[in-house]
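Reader: I have a structure on my screen and I would like to learn how to read it. Could you take me through it feature by feature?

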Amino acid sequence: MLPIQLFKHDKDLVLSGLRKKNFKDLDLVDKIITVDESRRHMQLEYDNLAATLNAAAKNIGLHMSKGEKHEAEQLKEMVALHKEQSKNISQKLSDFETELQDLLVRLPNLPHSSVPFGKTPEENEVVRTGGDMPVLGEHKLPHWELAAKYSLIDFELGNKITGSGFPVFHGQGARLQRALINYFLNYNIDAGYKEYCPPFMVNEASAYGTGQLPDKEGQMYHAVEDNFFLIPTAEVPITNIYRDTIINEQELPIKMTAYSPCFRREAGSYGKDVRGLNRVHQFDKVEIVQLAHPAKSYELLEEMVSHVEHLLKNLELPYRILRLCGGDMSFTSALTYDFEVFSAAQERWLEVSSVSNFENFQANRMKIRFRDGNSKTQIVHTLNGSSLALPRIIACLLENNQNANGINIPEVLKPYFGKSMIS
RNA sequence: GGGGCGUUGCCUGAGUGGCCUAAAGGACCGAAUUGCUAAUUCGGCGUAUGCCUUAAAGUGUACCGAGGGUUCGAUUCCCUCACGCCCCGCCA
């Protein structure tokens with residue numbers, strides 16, 4: 001949610017930002033300014049009346065204690081006269097406040113100045129590429145065939161137990177999964193992130209805080225009886241740890257990491273996009289989150305990018321880093337880098353991480369603040385990224401490292417996996 | 001599932017209708033003092049939102065889990081809901 005002050009002082013900045021993000025309903029901006037003016041006007045009216053009535057109530061008490069019944073009665077009559085009016089005004093004030101809130105949550109975050117113009121994924125900017133493209137023979141297999149050949153993942157069994165998009169990892173497949181989770185977590189902890197193991201279901205307030213509600217409830221699984229939502233990413237419980245708190249400035253930045261399964265309904269997806277591990281309803285991911293001083297957040301964003309990049313280097317996978325264009329960025333983000341790895345048998349790039357700075361957009365909603373040097377409260381910046389999402393990493397590891405004898409395990413994973421090859 | 005007790009500021013925690021302008025302590029900020037990784041003393045210090053200011057300052061209002069009600073006046077009394085803790089039951 002954008003802070004209201006922005007509209008008063010920097011309307012043009014808001015408008016140009018929304019245009020870059022390819023947001024259509026620009027009339028909302030003027031509407032917000034109008035409603036805000038009405039709100040302030042009504043607040044002034046209410047405050048003045050309330051001040052009068054409060055003073056009267058106090059004086060009634062004083063008169064009563066001195067036994068001046070007549071004066072007290074007169075004041076009571078005056079108060080009674082304004083009672084209806086006071087109710088009216090306060091109702092109108094709260095209507096304006098609600099309306100303003102409803103309008104504000106419909107506006108997306110504004111993009112950072114470095115965000116490229118553009119509307120579609122084709123217009124994303126490739127920042128850099130790395131890693132070596134594998135050279136595979138004619139008999140290269142896609143990961144779902146490798147998964148069957150070496151008994152790693154059973155997609156059919158998942159259909160039976162739950163439904164499509166819930167693969168069952170077993171044997172060496174399950175072990176590879178666990179190896180990756182442990183490696184990622186240790187790597188993050190070594191970089192100063194505190195490890196959490198959060199709840200995998202959240203309440204409405206948490207889902208609202210990170211922006212899944214009010215709009216995107218269709219993308220989450222909902223336990224109706226208890227009104228809990230299965231998390232689509234660990235970002236939700238982890239960022240909400242600090243919801244409604246004021247942090248001491250010297251504690252920033254706060255760095256957190258967590259493994260969690262992620263649940264996504266992915267309604268409407270079909271075809272080759274969902275083949276094998278490309279898109280599933282439940283998958284594992286290790287997430288990193290930072291709460292940052294506004295002056296430092298972009299520096300920290302770059303640090304997170306290079307952190308994730310090193311993970312991919314260590315896994316010896318060919319990757320590229322994209323700076324997303326305005327039209328392809330998420331609703332809440334100010335700047336996003338996507339990481340894609342090349343899936344050598346499918347011959348396509350697969351997204352495995354998305355690292356974003358949300359500036360104060362999420363924190364404003366969640367009321368995560370810090371006290372600055374002048375002991376004023378300011379809203380923190382939030383950042384997060386995947387480090388990393390597992391299924392597509394596994395897909396690429398299998399496809400890119402296949403050879404006649406089996407599948408090679410990258411050096412860094414060997415201690416976690418326990419052997420050097422899947423065969 | 002049954003019964004009991006709770007929810008107060010950045011944190012801990014008092015407060016049963018009007019000196020609550022919310023005690024006290026911690027943390028934090030400032031000053032004084034002391035030669036050893038800090039202690040002591042004094043002072044300051046809630047959040048949000050208006051108004052007025054270039055700004056600081058000043059000042060109004062709201063906020064004691066949420067929403068309603070009673071009252072001239074509610075942290076305090078009543079109702080509804082949410083959440084938490086304890087005991088019992090069931091269970092890993």
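Reader: Of the atoms of RNA strand B within 4 Å of the protein, what percentage belong to sugar or phosphate?

Author: Good place to begin, and keep in mind that this is a predicted model. Sugar or phosphate accounts for 79% of those RNA atoms, and the rest belong to bases.

Reader: Which residues are the closest to RNA strand B?

Author: The strand is surrounded by 18 residues, and the closest are R39, Q43, D47, R371 and T377. Sorted by class, this surface has seven nonpolar, four polar and seven charged residues.

Reader: How do I read a single contact there? For instance, what does a polar side-chain atom of D47 lie 2.2 Å from?

Author: Look at which atom stands on each side. For D47, a polar side-chain atom is 2.2 Å from a base nitrogen of RNA strand B. A57 also reaches a base nitrogen of the strand, but with a backbone N or O atom, at 2.8 Å. R371 meets another part of the RNA: a polar side-chain atom of R371 is 2.7 Å from a phosphate oxygen.

Reader: Which elements give two or more residues to the surface near RNA strand B?

Author: They are helix 3 (27-65), helix 4 (69-104) and strand 14 (368-371). Helix 3 provides the largest share, with eleven residues.

Reader: Next, salt bridges. How many are there in the whole structure?

Author: A search finds twelve salt bridges. To read one, check the distance between nitrogen and oxygen, then ask where the two partners sit along the chain. R106 and D25 are one example, with their side chains at 3.9 Å, N to O.

Reader: Where do R106 and D25 lie, and how many residues apart are they in sequence?

Author: R106 belongs to the loop between helix 4 and strand 1 (125-130), while D25 belongs to the loop between helix 2 (11-20) and helix 3, so this pair ties together parts that are 81 residues apart in sequence. R106 is partly exposed because its relative accessibility is 43%. D25 is partly exposed too, with a relative accessible area of 35%.

Reader: What about the salt bridge between R39 and D36: how far apart are the closest N and O atoms?

Author: They are 2.2 Å apart. R39 and D36 are three residues apart in helix 3, so about one helical turn separates them.

Reader: Are R39 and D36 buried or exposed?

Author: Both R39 and D36 are buried. They also join R40 in a network of salt bridges. And you have met R39 before, among the residues closest to RNA strand B.

Reader: What is the N to O distance in the salt bridge of K140 and E347?

Author: The side chains of K140 and E347 meet at 2.6 Å, N to O. K140 is in the loop between strand 1 and helix 5 (143-149) and E347 is in the loop between strand 12 (335-343) and strand 13 (348-357), so the bridge ties together parts 207 residues apart in sequence. K140 counts as partly exposed because its relative accessibility is 31%. E347, at 51%, counts as exposed.

Reader: Now the rings. How is a pair of aromatic rings described?

Author: By two values: the distance of the centres and the angle of the planes. This structure holds six aromatic pairs. In one of them, the ring centres of Y183 and F184 are 5.9 Å apart and the planes stand at 45°, so the pair is tilted. Y183 and F184 are both buried.

Reader: How are the planes of F331 and F361 arranged?

Author: That pair is edge-to-face, with 6.0 Å from centre to centre and 75° between the planes. F331 and F361 link distant parts of the chain, 30 residues apart: F331 is in the loop between strand 11 (319-323) and strand 12, and F361 is in helix 11 (residues 361-366). F331 is partly exposed, with a relative accessible area of 22%, whereas F361 is buried at 1%.

Reader: Which residues form one aromatic cluster?

Author: Y183, F184, Y187 and Y416 do.

Reader: And which ring does the charged end of R365 sit over?

Author: The ring of Y208, at 4.7 Å from its centre. K20 likewise lies over the face of F117, 4.9 Å from the ring centre.

Reader: To finish, how many helices and strands are there in chain A?

Author: Chain A has 13 helices and 19 strands. Of its 423 residues, 47% count as buried.

Terms used:
Residues numbered from 1 in each chain as written. Chains lettered and ligands numbered in written order. Predicted model: local features only at pLDDT ≥ 70, side-chain atom pairs only at ≥ 80, totals over all residues. Heavy atoms only, no water. Near = heavy atom within 4 Å. Polar contact = N/O pair within 3.5 Å; in protein donor to acceptor, adjacent residues only side chain to side chain. Helix = DSSP H or I, 4+ residues; strand = E, 2+ residues; numbered from the N terminus. Nonpolar A, V, L, I, M, F, W, Y, C, P; charged D, E, K, R; others polar. Salt bridge = Lys/Arg side-chain N within 4 Å of Asp/Glu carboxyl O. Buried < 20%, exposed > 50% of the residue type's maximum accessible area, 1.4 Å probe, protein only. Phe/Tyr/Trp six-rings, centres within 6.5 Å; stacked < 30°, edge-to-face > 60°. Lys NZ or Arg CZ within 6 Å of the ring centre and 35° of its normal.
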